[in-house]
Amino acid sequence: MRPFEAGDDGEKVGQLLAELSEIDGFPPLGETKFVDFREQGLGTGFIAEADGLLIGYAHVLHHVASDAWELEMAVHPQHRDIQTVEGLLEAARPHADGRLLWWVFGSEAISLAEQAGTEVLRELHKLRGALPPTDDVPLPDWVEVREFRPGIDDDAWLETNNAAFAGHLENGSWTAEDLKERVGRDWFDAEGFRLAWADDRLAGFCWTKRHSAEVGEIYIIGVHPDYQARGLGRAIVVEAMHYLAGAGSKTCILYVDTSNPSALELYRSLGFGLERVDRCVVVPNG
Ligand SMILES: CC(C)(COP(=O)(O)OP(=O)(O)OC[C@H]1O[C@@H](n2cnc3c(N)ncnc32)[C@H](O)[C@@H]1OP(=O)(O)O)[C@@H](O)C(=O)NCCC(=O)NCCS
């Protein structure tokens, strides 16, 4: 185990992450984490090697909004054993100033996290549904859906998003800078960012993301508390699913926290099924 060093390691880790995405069918790290780590120098990275070859990578990042220290790791399938995992956990532990949280994706990683004696803090379900949606749900007549206008709708979106997700660890405290950074990503598509206006108030929104020609995502959906439980959430998800289908997507994925029964029930009723379980666990002190 040794620290990550800028330069050669960046390239090698990038290759490992790409290889694991191919093998597992999903990226080994969360969307922003390796980018945050490399480009903003926000954390500490570690390298696991065997016979001079890179077999694993981990990093600890400080999540400013929630003041949490978060760990993620990517390990080559031939080395997915408790020894490699324990080695990376041991290297990571001293770099968290307090409790260390670890995001694990899928059943194989969950099993290793259990063997390492972690405690489950949160569980996310990755769901998948077919497109186009079978339900046709008309939008309430008190809203009008328009696409997001960068630089114009920012404040309205921040207000509605942060109200909808008030108290939520990651989603409830977006800043103007966070939004600007996300809107600047390669995949951003203003047309797929659907805003439901009730006159001049933003009642709700559904932000979609296209992963490939065939796969779209319900990336973030929120309805302002003043407008919840009036049918807008269901209608705007379905509207966004039609948008994705119209853009060529054949299936739609999304992530939902299992502590969110209204969202789980909404997606279940729209025919979404469970594809993968992810967890946020607490790393024992060792
Ligand atoms: C989840 C959310 C988008 C639903 O929007 P909404 O406008 O309140 O929902 P709707 O009125 O269209 O209801 C849709 C379905 O959600 C479920 N639902 C809504 N409120 C619920 C509640 N209090 N308890 C249980 N289920 C509920 C029901 O299945 C409902 O179906 P129904 O139309 O047959 O009653 C909204 O509550 C929200 O913004 N929550 C905070 C942000 C969030 O959690 N986003 C989802 C992250 S994955």
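With which residue does E239 form a salt bridge? In this predicted model, the partner of E239 is R194, and the closest N and O atoms of the pair are 2.7 Å apart. E239 belongs to helix α7 and R194 to strand β8, so their pairing ties together parts separated by 45 residues in sequence. Both members of this pair, E239 and R194, are buried.

The two elements joined by this salt bridge also contribute to the largest nonpolar core, as each of them gives two or more residues to it. This core comprises 27 residues, among which I218, V237, Y267 and F272 touch the most other members. The elements that supply two or more residues are β8 (193–198), β9 (201–210), β10 (215–223), α7 (232–246), β11 (251–257) and α8 (261–269). Helix α7 provides the largest share, with eight residues. The surroundings of F272 were examined further, leaving aside its neighbours within four places in sequence. On this basis, F272 is in contact with L127, R128, G129, M241, C252, L254 and Y267. One of these residues, Y267, is itself among the core members that touch the most others. A second core, separate from the one described above, consists of 24 residues, including V75, L89, A96 and V104.

Side chains of opposite charge can pair when their charged atoms come close. In total, the structure holds 17 salt bridges. One of them is formed by the side chains of E123 and R279, with an N to O distance of 2.9 Å. E123 is located in strand β6 (residues 119–130), whereas R279 is located in strand β12 (residues 273–282), so this salt bridge ties together parts that lie 156 residues apart in sequence. R279 has a relative accessible area of 17% and is therefore classed as buried, the cut-off being under 20%.

A further salt bridge joins the side chains of R185 and E181, at 2.6 Å from N to O. The two partners are described by their accessibility as follows. R185 is buried, with a relative accessible area of 15%. E181, in contrast, is partly exposed, with a relative accessible area of 34%. Salt bridges also occur as a network, in which R2, D9 and E49 are linked.

Definitions and conventions: Residues are numbered from 1 along each chain as its sequence is written. This is a predicted model: local features need pLDDT of at least 70, side-chain atom pairs count only at pLDDT 80 or more; totals for chains, interfaces and linings use all residues. Side-chain values use heavy atoms; hydrogens and water are left out. A nonpolar core is a set of buried Ala, Val, Leu, Ile, Met, Phe, Trp, Tyr and Cys residues joined through side-chain atoms within 4.5 Å. Buried means under 20% relative accessible area, exposed over 50%, partly exposed in between (1.4 Å probe, protein chains only). Helices (H or I, at least four residues) and strands (E, at least two) are DSSP runs, numbered from the N terminus. Contact means heavy atoms within 4.5 Å. A salt bridge is a side-chain nitrogen of Lys or Arg within 4 Å of a carboxyl oxygen of Asp or Glu.
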